[in-house]
Amino acid sequence: MNLWKFSKRNMIHFFMILLMLPIVFMIIWLFVSSVYNYNSGRFSWVNWQFLTRSFELEGISFPIIWPIVMNTVVFGLLITVIDLLVAIPAAYAFSRLNFFGKGFALKFLFIMGSFPGITLLITSFFIMMYLGLLNTVFAVVVLSAAGMIPWHVYILKGFFDEVSWDLEFSGMIDGCSRFKCLYQIILPNMLSGISAIAIYAFMGAYGEWLLIKLFIFDNTKLTLAGYLAKVIFTDDDKVTNIGLITAIGLFYTIPIGIFYLFTQSTMMKVTIGGSKGV
Amino acid sequence: MIKLEGISKKFGDTTALENVSLDIKRGEFVALLGPSGCGKSTTLMILAGLLRPSSGQVYFDGKMVNNVEPKDRDIGMVFQSYALYPHMSVIDNIAFPLKQRKVKKKERYQKAREIAAMLQIDQLTDRMPSQLSGGQQQRVAMARALAKDPLFLLLDEPMSNLDARLKVDVRDEIRRLQLKLGITTIIVTHDQEEAMAVADKIAILQNGKIQQYGTPEELFMKPVNLFVAHFMGNPPMNILKCDFLRNGNERVLSGEGFVYNILSTKKLSSEFKGAKVVLGARPHHIQISKVQQENSIPAKVVLVEQLGREKLIKVLLGDNENTTNFIRILSPTDLNVTYDERVFLTLDSEAIHIFDEETGKVIT
């Protein structure tokens with residue numbers, strides 16, 4: 001019996017490690033590619049020079065990376081905050097209140113969430129141009145948040161639905177106004193949902209490069225994803241610098257890995273739709 | 001004093017409550033009793049202010065409170081699910097209503113501890129609700145409801161999630177507390193035994209209407225209609241459809257498998273002129289005998305259940321095999337009858353109830 005248990009656990013570990021190997025291998029390869037030149041067969045840290053100084057490569061200027069890391073964090077937090085500030089009250093209304101056109105609005109949200117944002121790019125570009133908001137962080141923040149909010153409202157509504165009416169009624173009887181009920185009783189009981197949405201929003205912002213590529217022309221307003229996109233999408237006649245891509249790519253991945261280590265326990269509790277994991 | 005005046009509540013096209021009026025005196029323990037969907041919980045929600053009545057007025061101490069928010073109504077409430085705040089410890093749960101009243105921290109925890117001690121949960125105060133058993137959660141919910149010394153206590157099926165033995169303990173406890181604090185209490189329940197055990201007065205509801213409002217004895221002994229008669233008491237009252245025959249001074253009930261002569265001392269409502277009635281007799285008001293007596297009804301035993309303190313005997317009425325009218329009788333355990341045995345039943349003439357079949361109203 002004990003032996004069976006022991007070997008069963010070993011089997012699980014064995015397969016988990018087996019499945020993990022390709023990913024570990026890829027990360028190691030990324031690192032090796034960034035420091036090893038296959039043609040000359042020499043090791044060098046030259047591809048990591050963005051850590052210490054700005055430089056120019058084949059006509060493209062690369063600023064030093066730390067202000068861009070800062071930009072990324074600010075940009076990510078800004079989108080997360082805006083996303084939560086809009087999505088939480090909206091989801092609360094969809095879950096708890098009855099209002100005219102609720103069913104229609106929900107369906108519309110669903111369509112909005114499913115609509116590929118890329119098809120709206122041209123219109124968004126013109127709108128931002130007429131509003132004079134091109135090359136501003138504001139434009140990217142608004143468009144990026146607008147793209148995420150419909151789904152997040154949908155998911156958060158599921159979490160609100162999970163909190164029983166009795167709890168809210170109880171709060172009202174114990175002396176809370178509707179608003180107090182929301183932040184003293186309901187929100188603390190759906191923290192896992194809110195943190196999930198916050199993580200989605202931050203990750204979405206972290207990975208956002210198309211909007212940045214399109215709307216930001218200024219090196220000082222780049223985020224990490226945009227920085228990476230700068231190397232990949234060079235002009236056709238230029239040779240792509242694989243070493244530099246792998247170096248920036250690896251640098252770009254590290255924070256996500258660290259972030260995941262801290263948030264995975266929250267993420268594991270959540271399934272989309274709002275029910276808690278068993 | 002609570003007063004409901006002509007309360008109606010509609011949800012879309014369905015009517016949940018229709019013209020409900022109720023008077024509750026200070027210090028009274030009132031049960032709202034009825035089957036599910038009868039409107040008892042809706043009534044409680046309206047009292048709590050969680051629902052607005054479609055029409056009618058609610059008065060607390062003579063003041064109309066229709067538009068008063070639940071938080072300003074000075075009530076404590078225990079929900080069926082207990083609705084303890086899962087993210088707060090027991091003591092924080094109990095102190096929460098006081099916190100909302102901006103009672104100082106030290107004061108409110110002291111008060112919460114007093115209440116916890118009164119409900120014998122003072123050793124659980126640091127636990128989280130998820131670490132408590134059902135009975136303990138119920139006590140915490142009671143403590144939280146009582147913490148702010150409310151004017152009224154509302155209990156919504158507070159015992160339906162407890163097992164049978166615990167239920168009896170808890171209902172005694174609730175009654176003891178209510179008497180000790182003298183707090184006006186309204187309990188919603190579907191369990192007539194529970195209502196009879198704790199309440200000073202019972203309002204029995206069906207289809208959104210109050211059928212009868214009175215003391216448990218009144219409801220049990222003098223039901224005003226068939227619904228109340230059938231709902232109160234377990235096993236339920238035996239109900240037999242029959243014809244009402246007038247023959248000079250004699251009044252005879254004749255149904256499938258039985259004929260019964262109502263003793264002339266029994267008064268009947270003079271309003272009743274019809275011919276179709278329903279005879280109601282409680283299981284313990286029927287005697288079984290092995291010999292025929294005057295005005296007795298022949299029957300055949302089809303089932304004998306030993307309940308411990310007494311026997312529950314099911315008999316088929318009539319002296320031939322073709323009847324389908326059967327009734328249940330509670331009799332002392334020393335009565336020795338067996339399956340298929342022929343017996344004779346005598347009804348206690350003073351204890352029977354006769355209802356108009358058409359309206360269901362009592363005519364005795």
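Trainee: How do the residues lining the second largest pocket divide into nonpolar, polar and charged?

Mentor: Ten are nonpolar, three polar and five charged. Bear in mind that we're looking at a predicted model. That pocket holds about 450 Å³ of space. Of its 18 lining residues, A:Trp165, A:Phe169, A:Met172, A:Arg178 and B:Leu50 are the closest to its centre.

Trainee: Which element gives the largest share of that lining?

Mentor: Helix H6 of chain A, residues 165-173, with three residues.

Trainee: And the largest pocket, what volume does that one have?

Mentor: About 720 Å³. It is lined by 27 residues, and the closest to the centre are A:Gly117, A:Leu120, A:Leu143, A:Ala146 and A:Gly147. In chain A, helices H3 (102-114), H4 (121-130), H5 (137-162) and H9 (210-215) each give two or more residues to the lining.

Trainee: Which of those helices gives the most?

Mentor: H5(A), with ten residues. By class, the whole lining has 19 nonpolar, seven polar and one charged. Careful with A:Gly117 and A:Gly147, which are among the residues closest to the centre: glycine goes into the polar class here, so don't add them to the nonpolar ones.

Trainee: What makes A:Asp174 and B:Arg144 a salt bridge?

Mentor: Set the distance against the cut-off. Their side chains meet at 3.4 Å, N to O. The limit for an Arg nitrogen and an Asp carboxyl oxygen is 4 Å, so the pair qualifies. The count between chain B and chain A is one salt bridge, while a search over all chains finds 18.

Trainee: Then what else is there between the two chains, say in polar contacts?

Mentor: Twelve residue pairs are in polar contact, both partners at pLDDT 80 or more. On the chain B side, helix H1 (40-48), strand E6 (75-78) and helix H2 (90-100) each supply at least two of the touching residues. H2(B) has the largest share, four residues. That side divides into 14 nonpolar, four polar and five charged.

Trainee: How many residues are in contact on each side, and what area is buried?

Mentor: 23 residues of chain B are in contact with 16 of chain A. The buried area is about 1,600 Å², and carbon and sulfur atoms give 60% of that. Watch the bookkeeping: the loss is summed over both parts, so don't double the number.

Trainee: Back to salt bridges. Why does A:Asp161 with A:Lys157 count as one, and how are they placed in helix H5?

Mentor: Their closest N and O atoms are 2.9 Å apart, and a Lys nitrogen has to be within 4 Å of an Asp carboxyl oxygen, so they pass. Both sit in helix H5 of chain A, and because they are four residues apart, about one helical turn separates them.

Trainee: What makes the backbone at B:Asn19 worth a second look?

Mentor: Its phi is positive, about 50°, although B:Asn19 is not a glycine. Most non-glycine residues have a negative phi, so a positive one gets flagged. B:Asn19 lies in strand E2 of chain B, residues 14-24.

Trainee: And is the peptide bond from B:Asn234 to B:Pro235 cis or trans?

Mentor: Cis, with omega near 0°. Most peptide bonds are trans, so that one stands out too. B:Pro235 is in the loop between helix H8 (226-231) and strand E11 (238-247) of chain B.

Definitions and conventions. Residues numbered from 1 in each chain as written. Chains lettered and ligands numbered in written order. Predicted model: local features only at pLDDT ≥ 70, side-chain atom pairs only at ≥ 80, totals over all residues. Heavy atoms only, no water. Contact = heavy atoms within 4.5 Å. Buried area = accessible area lost by both parts, 1.4 Å probe. Polar contact = N/O pair within 3.5 Å; in protein donor to acceptor, adjacent residues only side chain to side chain. 1 Å grid on protein atoms, 1.4 Å probe; cavity = no way out; pocket = protein on both sides within 12 Å on 5 of 7 lines; lining within 4 Å. Points joined across faces, edges and corners; volume = space filled by probe spheres on them.
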